[in-house]
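Let's take a walk through this model, from its inside to its pockets. Have the sequence and the 3D view open side by side as you read.

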Amino acid sequence: TPSANHVDTTMTTSTDMNNLTSADTWTRADTSRQENGDDDQFSTTATASSSTTTSLSAIFQSSEWNSLQTTGLFPLQQAFLKSCRTRLCAPIQFMFPEGVSVDEDGVAMSVLPPLPSRYDLQKMEQNIRTELSLADPREGGGDLSMTTMIAQVVVEMIELFCARAKTAVTEISEEGCLTDDGGPTGSLVHDLKVANVMNTLANTLKNAPENAFIAPYRPAISAQHEEAANLCQAALLPALIEIESTVKNLILSPLYRALNRRIAAAIARVHHGAYIGDSHDGGMGADAGSSFVQKHLSALYENIAEHHLSKLPPDYATIVASSVASFSIYTFVSNVSLVRPLGETARLQITQDLADFELALEQLVFKAGSSMSLSQVEHGKPYAELRAVRQMLFWTGLTDNPSVAPAILSKAMLREVWVKDVRPSTVFHYLFSFAPPLLSSPHHSKRMKPEEYVSTLVRLDGSTDDGEANAWMVTLACCDAYQQRETIAGTDASGDRRVAALLMMLGPELLRRRRN
């Protein structure tokens, strides 16, 4: 009867809807768990959209989606990726072509390869945006689930571009970066141009997710497009890391190592009588009229900012400035702490130089063009040591307590607030300034120049961890030699005999604290 048929049709329709709901639940949002307070945070449009489609990331991680990818969608996916890869990577083969020129005799000679033009980079940006837009149903007719898949092809294109860029870099050594007056050589100027090309491409990748999924729909942006942009940004992160690694290893690292080598030579002049004034001429010193930093270092940092940092984009200039600043602080402090004898006037001169030194480095980091300050370089460790050394220079535990045992002095010194911010080697070297002449300085014990010994503590890239254990072993050898000499030569009236014992007690504890 008609009524029975109507009932059967209704039951069949209800059953089909139940089956559809159970089969399609992994693409539907579960709105039953939404809390009452969420309505104030989202617009009505966003709430309605989120109630029909769950987050893209949840869909991609579901077993149903994985099953579809490995069965019916896999051949189509591979064909699409192959076509996408061809469109993106084909223009790369024409980037950084081999540079060949012919001299007047007709003989071919190798020259620096030409770099991609601004038009080439704009074309690459357009290609990346076009391919990513294929995942947008409104723009390219695809689906937002394709975002990560297309972004991975973009990463492959960037890897190919970086491989081509490596052939365009001159790969000069540290010695070939700078001229005699500290300016960039022709090869370095070419490499800095390559760095600017790579930075332009990196900025393109940073802006690609927003330009592809958000900018076309402003101000009416859906939650799905925002999530697609976030997924795209995460998928493009390996490409940004590849670009930064390529530039840092091939261009920036040789540059800041060459600059640091030049800075180390200038700082080493502190051992040419810069701080021995109060022992000879009443504190005027060899460089009367101006501080050591003003005379030997300030102009050097201004030269670095003008000829090198200004030619780099802010991101890369900050890397160079940070390395130069951290290396400069560690090298200056290590050299100053080795000065012997260190009288009251010398301490005042060093304190003034430390203030001038901080100002010069602050200006260097500022001229790099970023918002970073000197106190943020390397998580603030070099700056903390620079400030702590000023307090260390006026530690008077030995002179104020001439009869106190070394064990008590070591405990008192470990309680000083500046100890935690200073490298152990800096404390060791400073205590040598109180010691008798029979206790040789570490660089004298190794028969090395002060600057050569400091180079074993501070590497040209600014790292210091490897040198602290070496400094302690050298200090230990100095103390052992002193005890043998004291047994043979007897007591020396000058200097404090407790320094060797104090060093032996302080060393293990300072190294333990640094490791922890």
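What follows looks at the core, then the cysteines, then the largest pocket.

Keep in mind as you go that this is a predicted model. A good place to start is the largest nonpolar core, which has 139 residues. Which of them touch the most other members? Those are Tyr275, Tyr301, Phe332 and Leu431. If you look for the element that gives the most to this core, go to helix 9, residues 223-267, which puts in 17 residues.

Zoom in on Tyr301 for a moment. Leaving aside residues up to four places away in sequence, Tyr301 touches Ile263, Val324, Ser328, Phe357, Ala360, Leu361 and Leu364.

Now for the cysteines. There are zero disulfides in the structure. Take Cys84: its nearest cysteine sulfur belongs to Cys89 and sits 8.4 Å away, while a disulfide needs the two sulfur atoms within 2.5 Å, so Cys84 is in none. Is Cys84 buried or exposed? Cys84 is buried, at 0% relative accessible area, and Cys162 is buried with a relative accessible area of 0% too.

Finally, turn to the largest pocket, which holds about 810 Å³ of space. Its lining has 31 residues, with Tyr330, Glu378, Lys381, Pro382 and Arg514 nearest the centre. Helix 9 turns up again here: along with helix 12 (314-337), helix 14 (381-392) and helix 21 (498-515), helix 9 gives two or more residues to the lining. Helix 12 gives the most, with five residues. As for chemistry, the lining splits into eleven nonpolar, eight polar and twelve charged residues.

Definitions and conventions: Residues are numbered from 1 along each chain as its sequence is written. This is a predicted model: local features need pLDDT of at least 70, side-chain atom pairs count only at pLDDT 80 or more; totals for chains, interfaces and linings use all residues. Side-chain values use heavy atoms; hydrogens and water are left out. A nonpolar core is a set of buried Ala, Val, Leu, Ile, Met, Phe, Trp, Tyr and Cys residues joined through side-chain atoms within 4.5 Å. Buried means under 20% relative accessible area, exposed over 50%, partly exposed in between (1.4 Å probe, protein chains only). Helices (H or I, at least four residues) and strands (E, at least two) are DSSP runs, numbered from the N terminus. Contact means heavy atoms within 4.5 Å. On a 1 Å grid over the protein atoms alone, a cavity is a set of points where a 1.4 Å probe fits but cannot get out, and a pocket is an open set with protein on both sides within 12 Å along at least five of seven lines; lining residues have an atom within 4 Å of a point. Grid points are joined across faces, edges and corners, and a volume is the space filled by probe spheres set on the points. Ala, Val, Leu, Ile, Met, Phe, Trp, Tyr, Cys and Pro count as nonpolar, Asp, Glu, Lys and Arg as charged, and the others, Gly among them, as polar.
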